[in-house]
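Biologist: Could you walk me through this model? I'd like to start with the DNA and then move on to the aromatic rings.
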Amino acid sequence: MNENEILSQLNDRQQEAVLQTEGPLLILAGAGSGKTRVLVHRIAWLMDVNGVRPWNILAITFTNKAAEEMRRRVETITDLESGSVWVSTFHSLCVRILRRHADLLGYSRSFTIYDTDDQMTLMKRVFKEHPGDLRSMKERAVLSAISKAKDELTDVSAFRLENKDFYGEKTAALYEAYQRNLKESNAMDFDDLIVNTVRLFEQHPEVLDLWQERFHYIMVDEYQDTNTAQFRLLSLLAAKSGNLCVVGDDDQSIYKFRGANIRNILSFEKIFREASVVRLEQNYRSTGMILKAANEVIRHNRGRKEKTLWTERGDGEKVRFRRFDNAFEEAEFVCGEIASDVRSGNSRYGDHAILYRTNAQSRLFEEKFLLANIPYKIVGGVNFYSRKEIKDLLAYLRMIANDADDLSVRRIINVPKRGIGAATVARLDAYAQAGGISLCDALAEIERIPGISGAAASKLTGFAGLIAVLREKAGYLPVHELLRETADLTGYTKELELENTDESKARLENIEELMNKASQYDAGEETPTLTGFLEEISLIADIDTLEDSDDRVLLFTLHAAKGLEFPDVYMTGMEEGLFPGSLSIHADNPQEEIEEERRLAYVGITRAMNRLTLTCARSRMVRGDIMPMPISRFVREIPKELLDLGSTGEAPARRKPGGGLDERLRSALMTDAGRLTFGKEFHEDTESAYSGRSTYRNPYLKGQGAAGRTPGSAPPAARTPSGGSGFGYETGDLVRHIKFGQGTVREMKYTDRGCMVTVDFQSWGVKKMRAEVANLVKCN
DNA sequence: TATATAGTGTTTTTT
DNA sequence: ACACTATATA
């Protein structure tokens, strides 16, 4: 593109940001103000107008998905091959650098990356090794102290100097032991990736020079969420060229708990004194009502850079607020609304997003969507890669790739069960410790290990042999085949097959899924390697795998939703104690903590393009008991004229505590309203979902029958349950469910909640569900 | 050594 | 509510 083409697509402020290519630049970009657009056009300008070579440009994004998106957009507007522009996250960037120079820091290039679970396992081990009275300390707390230290680039000796009290000293000792263990295992945790890159640059000026020469122009997205270590990294890289452009919004800083340093943005101008500042305040995303609500909420924060977003879009609909008796009804409402929206043809499932504060809240929604056969995807939450069977198999791969990885060896030395007990492992470990060698190395010298008897020794030899075979295969097999061999040769698959329970079947499915991912990796990479595969799955988050093309309702935590936008957004669980969470309300520094929560609310509100709905429950199950939940202060901070309170009209600002008769009547009305939506219309909708638009593919079913039924084959299914079954099937019939597959109807019972049908599914066992929503289809 | 059971604590949020 | 740990038992 030429100059005019690039500039014509931008407003004045955006143009300013693109034209200012030299020197430090801070772009204060409000939510939805087109910051990605600016970054993309800036890259295009650098390349097409200024003639900068693509490989001299580095862009850092918050997620891999954002990186990919940016690369794609640059690709479409530039004349040049943009492939060699580096667009990556901090962590991926650091790994790429470290793989090249790890030996300078005393690591091998095949170092392993430890995730949060691995960190915990390692810390538990460190606790055990550590004599003395650590009983009162928690691994979690120590890990978080260490992580915090690393975010601030505080090494063990500095930590020791800063923390001289009893617990400080203990923590310092644990920090030291933890780091030693990591290094001996040739492993780094997430924080180490950043810290070690900084150390590399500081200790090896020639290496720093190399990379400074490479990156003449550096751009950083989501700058408000960088921590001290990341900022140091940027300063080092940009020290020579001085061309550092950061884009951020202090109002969207929501990762303080992870070390994000809001000072980085508030004082950028002080640190880089000749820095230019550009403000982007025109919002292109949301309607006026939504934007006003967002402005009103964030206005309650002190210590922010004053700015007010505006839009040329019209006011649009008011922000809807609905309150329900419990979380169950809240979920029914949201589910029913989305179902009827899609049925009416106004939107697709993928236009809707459900946001919540904690991952635990997703379960209720999941249940509803499952029963209603609405395609959905929960992003984040229980990580696929943290499932036991996945971690087990990956542990095998890791020990193949990195023989110093004792943590992985320990994990799978007796998995599946091969009769190697704790006592034997302890002796092996003692021998390895004494000789200063890894467990793998010790395995090669079994005959010399004292105390290991004939039986135990032969079992260990067998294990060592197995590993040797796998290692040999790793030399020539692609990753997915190596994975299959591993699952077979170790007997892992066999064991699960023999177990033959619902759970073991699900685990087998997961293993299959892992192999699929490996195949995808093998196919998509120019030079696939085992290390590369392991690295990819450690650094790729759930959100990164999201395909825009598939049409499903998306469920996120508010954190995970950052940087995304949706036409129709539901913010759920708007309750004091949940959001803002009780931890922040009762913190030592409530003001600060609540402000962070408020920024989170701001992020949530500004995700919405056309319609925003806030919901909450009067009572909610919290850790086992039912708690009364007041309406979130963030709802109350929105002026009433911006809110649509629904037909039952509960004014959030003056709700009577205790609830008199009035209140109870209104509750009842509210409940009914929820039911109405859910009952009649809902059923019709699930049918329309079945008969066409849905692209939902059930991951639990393979091959035929995995997709929804073909258009036109929907059953006539009368809704009135009077007389016969009224559902197109009866007791004894073979039926099919989209998730559970085929099963036999055992019982049909009519209650005041409608017809409850009990089905004995072939691969899931007996399930009881509401016939109205189960959408069972009779098989012939 | 492996398994069943009772008891314990735990959670915001994530690369 | 749930997962994880320590303990008792075969």
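Modeller: A polar contact here is a pair of N or O atoms within 3.5 Å. Please keep in mind that this is a predicted model.

Biologist: OK, how far is Asn-359 from a phosphate oxygen of DNA strand B, and which part of Asn-359 is involved?
Modeller: A backbone N or O atom of Asn-359 is placed 3.0 Å from a phosphate oxygen of that strand. For Thr-557 the atom belongs to the side chain, where an N or O lies 2.9 Å from a phosphate oxygen of DNA strand B.

Biologist: And what does His-91 face, on DNA strand B?
Modeller: His-91 has a side-chain N or O atom 3.3 Å from a base oxygen of DNA strand B. As for secondary structure, the elements giving two or more residues to the surface near DNA strand B are α20 (422-435) and α28 (590-605).

Biologist: Which residues come nearest to DNA strand B?
Modeller: Out of 24 residues around the strand, the nearest are Arg-258, Arg-357, Asn-359, Thr-557 and Leu-583. By character, the residues of that surface divide into 6 nonpolar, 10 polar and 8 charged.

Biologist: On the DNA side, what share of the atoms within 4 Å of the protein is sugar or phosphate?
Modeller: Sugar or phosphate accounts for 60% of the atoms of DNA strand B within 4 Å of the protein, and bases supply the rest.

Biologist: You listed Arg-258; which ring does its charged end sit over?
Modeller: The charged end of Arg-258 sits over the ring of Tyr-255, at 4.3 Å from the ring centre. Arg-99 has its charged end over the ring of Phe-111, 4.1 Å from the centre.

Biologist: Switching to rings, how many aromatic pairs are there?
Modeller: The structure holds 15 aromatic pairs. One of them joins Trp-86 and Phe-215, a tilted pair with 5.4 Å centre to centre and 55° between the planes. Trp-86 belongs to strand β3 (residues 86-89), while Phe-215 is in the loop between α11 (205-214) and β6 (217-220), so that the pair links distant parts of the chain, 129 residues apart.

Biologist: Are those two buried or exposed?
Modeller: Trp-86 and Phe-215 are both buried.

Biologist: Why do you call Phe-159 and Tyr-175 edge-to-face?
Modeller: Their planes stand at 90°, with ring centres 5.7 Å apart, and planes over 60 degrees apart count as edge-to-face. Phe-159 is in helix α8 (residues 156-162) and Tyr-175 in helix α9 (residues 166-184), so this pair ties together parts 16 residues apart in sequence. Phe-159 and Tyr-175 are both buried.

Biologist: Which residues form an aromatic cluster?
Modeller: Tyr-223, Phe-231, Phe-268 and Phe-272 form one.

Terms used: Residues are numbered from 1 along each chain as its sequence is written. Chains are lettered from A and ligands numbered from 1 in the order in which they are written. This is a predicted model: local features need pLDDT of at least 70, side-chain atom pairs count only at pLDDT 80 or more; totals for chains, interfaces and linings use all residues. Side-chain values use heavy atoms; hydrogens and water are left out. A residue is near a molecule or strand if one of its heavy atoms lies within 4 Å of it. A polar contact is a pair of N or O atoms within 3.5 Å; within protein, one must be able to donate a hydrogen and the other to accept it, and residues adjacent in sequence count only if both atoms are side-chain atoms. Helices (H or I, at least four residues) and strands (E, at least two) are DSSP runs, numbered from the N terminus. Ala, Val, Leu, Ile, Met, Phe, Trp, Tyr, Cys and Pro count as nonpolar, Asp, Glu, Lys and Arg as charged, and the others, Gly among them, as polar. Rings of Phe, Tyr and Trp (its six-membered ring) pair if their centres lie within 6.5 Å; planes under 30 degrees apart count as stacked, over 60 as edge-to-face and the rest as tilted. Buried means under 20% relative accessible area, exposed over 50%, partly exposed in between (1.4 Å probe, protein chains only). A charge sits over a ring if NZ of Lys or CZ of Arg is within 6 Å of the ring centre and within 35 degrees of the ring normal.
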